[in-house]
Amino acid sequence: MATEKAQRKRDLILEKAKMLFIQRGYAATSMDELVKFTGASKGSIYYHFDSKEDLFIQLLAKQNQEWMEAWHEKKAKYGSFEEKLYGIADHMVDDFQNPLTKVAEEFYINQPNDNTLLNKLLAILQGPRALYLEILEEGADQGIISPEDIEEVSVIFGSLLDGLSTTFYERSQEELRMLYRKGVSIFLQGVMTGRAED
């Protein structure tokens with residue numbers, strides 16, 4: 001029972017902290033403000049999270065998990081391997097409207113070179129990469145693309161999507177969606193051409 005209560009408290013802190021980080025940004029939000037805004041004591045916050053940084057990383061991990069769960073709910077509407085690649089790219093573009101995305105960028109930019117932090121952030125990034133690999137393995141199982149170096153191909157696909165995100169501030173959401181779709185088309189031409197040459 002205590003574990004369920006503790007989990008509810010942790011989730012409440014995360015939800016309230018998310019609201020405050022979105023309002024004020026990461027750097028402008030202090031632990032004292034988090035205490036006041038969440039209604040939790042400083043001791044309660046530190047019971048659940050090692051620091052403000054840890055709280056924010058856990059918030060990013062939660063958002064990432066929700067993004068992946070939302071993809072799992074959506075993916076059934078995409079029939080083919082190719083449609084799934086376009087679909088997950090659209091899913092990523094849709095997430096750019098999430099107000100926590102801008103706060104996350106601020107957080108990344110302002111972090112010192114810290115291997116522990118970097119490893120935590122990389123672990124969060126592994127979730128979407130596993131989804132890309134799953135889709136690409138489906139294409140390989142169907143004989144559409146080569147199964148050779150499929151893990152590296154999934155890293156390339158993820159890097160394509162991640163790299164295109166840098167144009168977020170330069171384009172409207174629809175322009176960004178079209179750019180992502182063009183990127184997926186070019187990627188597909190490459191991996192499918194590579195299969196034809198086998």
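Biologist: Which residues of α4 are buried?
Modeller: This is a predicted model, with residues numbered from 1 along each chain as its sequence is written. Local features need pLDDT of at least 70 and side-chain atom pairs pLDDT 80 or more, while totals for chains, interfaces and linings use all residues; side-chain values use heavy atoms, without hydrogens and water. Helices here are DSSP runs of H or I, at least four residues, numbered from the N terminus, and buried is under 20% relative accessible area with a 1.4 Å probe, protein chains only. On α4 that picks out K52, D54, L55, F56, I57, L59, L60, Q63, N64, W67, M68 and W71.

Biologist: And how far does α4 reach from its first C-alpha to its last?
Modeller: The helix covers residues 52–74, which is 23 residues. The expected span (1.5 Å times one less than the number of residues) is 33 Å, and α4 comes close to that, at 33 Å.

Biologist: Which element gives the most to the largest nonpolar core?
Modeller: That core (buried Ala, Val, Leu, Ile, Met, Phe, Trp, Tyr and Cys joined through side-chain atoms within 4.5 Å) has 32 residues, with F81, L85 and I88 among those with the most contacts inside it. Elements giving two or more residues are α4, α5 (81–95), α7 (115–141), α8 (150–164) and α9 (173–197). With seven residues, the top contributor is α5.

Biologist: What does F157 touch, leaving out residues up to four places away in sequence?
Modeller: F157 is another of the residues with the most contacts inside the largest core. Taking contact as heavy atoms within 4.5 Å, its partners are L85, I88, Y132, L136, V184 and F187.

Biologist: Which helix gives the most to the lining of the largest cavity?
Modeller: A search of the whole structure turns up one cavity of 30 Å³ or more (points on a 1 Å grid where a 1.4 Å probe fits but cannot get out; lining residues have an atom within 4 Å of a point). E15, K18, L59, K62, Q63 and E66 line it, and by class that's one nonpolar, one polar and four charged. α1 (2–24) and α4 each supply at least two of these, but the most, four residues, come from α4.

Biologist: Where is D149, the residue other than glycine with a positive phi?
Modeller: Most residues other than glycine have a negative phi. D149 has phi near 55°, and at 44% relative accessibility it counts as partly exposed (20% to 50%). Its place is in the loop between α7 and α8.

How values were computed: 1 Å grid on protein atoms, 1.4 Å probe; cavity = no way out; pocket = protein on both sides within 12 Å on 5 of 7 lines; lining within 4 Å. Points joined across faces, edges and corners; volume = space filled by probe spheres on them. Nonpolar A, V, L, I, M, F, W, Y, C, P; charged D, E, K, R; others polar.
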